[in-house]
Amino acid sequence: MKNYESLSKANEQVIRQLYAAFHEGDVDGVIKHLAADVILTIPGKGKNAGEYWGHQGFRNFFSNIMNHYGGKFTKELAP
């Protein structure tokens with residue numbers, strides 16, 4: 001197997017774990033896959049629009065989503 005193929009499989013595994021944690025509402029499970037200096041940019045003019053900096057910023061964003069949906073994330077993420 002070529003090196004890029006093994007890296008691709010490893011990346012796929014990480015993305016699947018990240019999506020699963022997000023869908024399950026496991027903010028710590030998502031954060032373990034994010035760099036400490038992550039910047040999440042949400043476009044538009046809605047309640048969540050703007051930038052979220054670092055792990056705490058992601059926690060704030062995730063909290064907004066969970067509060068909006070009554071503590072349970074019900075939207076599906078496209079793979």
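R16 counts as exposed, at 54% relative accessibility, where exposed means over 50% relative accessible area, buried under 20%, and partly exposed in between, with a 1.4 Å probe and protein chains only. Its partner E12 is partly exposed, with a relative accessible area of 39%, and the side chains of E12 and R16 meet in a salt bridge at 2.9 Å, N to O; by salt bridge I mean a side-chain nitrogen of Lys or Arg within 4 Å of a carboxyl oxygen of Asp or Glu.

I should say that this is a predicted model, in which local features need pLDDT of at least 70, side-chain atom pairs count only at pLDDT 80 or more, and totals for chains, interfaces and linings use all residues. Residues are numbered from 1 along each chain as its sequence is written, and side-chain values use heavy atoms, with hydrogens and water left out.

E12 and R16 both lie in helix α1, 4 residues apart, about one turn of the helix; helices are DSSP runs of H or I, at least four residues, numbered from the N terminus.

The count of salt bridges comes to 2, and R59 also forms one, with D28, the closest N and O atoms being 2.7 Å apart. R59 lies in helix α3 and D28 in helix α2, so this pair ties together parts that are 31 residues apart in sequence.

Turning to the interior, the largest nonpolar core, meaning buried Ala, Val, Leu, Ile, Met, Phe, Trp, Tyr and Cys residues joined through side-chain atoms within 4.5 Å, has 12 residues, including V30 and F58. The largest share of this core, 5 residues, comes from α3.

Technical notes: Helices (H or I, at least four residues) and strands (E, at least two) are DSSP runs, numbered from the N terminus.
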